[in-house]
Amino acid sequence: MHPAVQKLIEEQRAQKEQEREEILRSLGLVEKPEEREYANRPYRDLEIAKMHGYDQCEMIDGKPRYYRVKQAQVSINLTDEEYAEVYKIYQERKAKEGQRSPVQVTFKELDAQGETAPESKFEPSFLSQAFHAFAWIFWFGGLIGAIILSFVETENYYGRVESYFNFTAFLEYCAIVFCAGLLWHAIAHALDALDIIAANTGGRKFSLKKDAK
């Protein structure tokens, strides 16, 4: 076998083994065997050894040997069939975590997704339609009310009561009515936008991040 091919195969095997170790550790499928780490220098007594992190002692050939106990995480041994089942569980959990965790996108990515995403069928909700209808009713009713309220009666020089149309007051009433109706329309459009986002994202969560420079 060519050395380059052999090297590539060995690197691929090492990568798979590392991936397997990470998956098993992420699922908690590990063992914690205890290992003794002996001091590489003698100490006069246990108190001095404890100051250097070695809190255990045993007698070997009549001499004290100080050591400390370490717990190493080692993944458990699994057959290929067992690992295949474990890997399925790992993929399912990762998929669920991906649905719960927000997806970070930039403004450019949102624009690209909006251009390429298929149009989904959207129907305004009952609450949105009610807000739109109320806004139009308020506009028409407010316009009639503004016309009626704009007629002002005054007494002239001869003591006669005259009625005239105050155009300035009419404009003021119209401005108030227009702003109020516009508020109801804005609420309805906000509800529609939220429904569209929910329909196109399938309930997934998104968070914005800065565009790469």
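The following exchange asks how some descriptions of this predicted model are justified.

Me: What makes the contact between E58 and R36 a salt bridge?

Reply: The side chains of E58 and R36 come to 2.8 Å, N to O, and a salt bridge requires a side-chain nitrogen of Lys or Arg within 4 Å of a carboxyl oxygen of Asp or Glu, so the pair qualifies. Because E58 lies in strand β3 and R36 in strand β2, the contact ties together parts that are 22 residues apart in sequence.

Me: How do you know whether E58 and R36 are buried, exposed or partly exposed?

Reply: Buried means under 20% relative accessible area and exposed means over 50%; E58, with 21%, is therefore partly exposed, and R36, at 47%, also counts as partly exposed.

Me: Why is the pair E37 and R68 called a salt bridge, and which elements does the pair link?

Reply: The N to O distance between these side chains is 3.2 Å, which is set against a limit of within 4 Å, so the term applies. The pair links distant parts of the chain, with E37 in strand β2 and R68 in strand β4, 31 residues apart. Relative accessibility is 26% for E37 and 27% for R68, and since partly exposed is the range between under 20% and over 50%, E37 and R68 are each given that description.

Me: What separates E85 and K88 along helix α3, and how do you know that their side chains meet in a salt bridge?

Reply: Being 3 residues apart in helix α3, E85 and K88 are separated by about one helical turn. Their N to O distance is 4.0 Å, and the cut-off is within 4 Å, so the pair is listed as a salt bridge. A search of the whole structure finds 3 salt bridges.

Me: Why is D61 called exposed, and where does D61 lie?

Reply: At 77% relative accessibility, D61 is set against a cut-off of over 50% and therefore counts as exposed. D61 lies in the loop between β3 (56-60) and β4 (63-71), and its phi is near 55°, a positive value in a residue other than glycine.

Me: What makes L143 eligible for the nonpolar surface patch?

Reply: Patch residues need over 30% relative accessible area and no salt bridge, and L143, in helix α5, has a relative accessible area of 39%, so the area criterion is met. The patch, of about 550 Å², is made by L143, I147, F151, F165, F167 and L171, and the elements giving two or more residues to this patch are α5 (126-149) and α6 (167-201).

Definitions and conventions: Residues numbered from 1 in each chain as written. Predicted model: local features only at pLDDT ≥ 70, side-chain atom pairs only at ≥ 80, totals over all residues. Heavy atoms only, no water. Patch = residues over 30% accessible without salt bridge, like charges linked within 9 Å, V, L, I, M, F, W, Y side chains within 5 Å. Areas by Shrake-Rupley, 256 points an atom, 1.4 Å probe, with all protein chains shown as cover. Helix = DSSP H or I, 4+ residues; strand = E, 2+ residues; numbered from the N terminus. Buried < 20%, exposed > 50% of the residue type's maximum accessible area, 1.4 Å probe, protein only.
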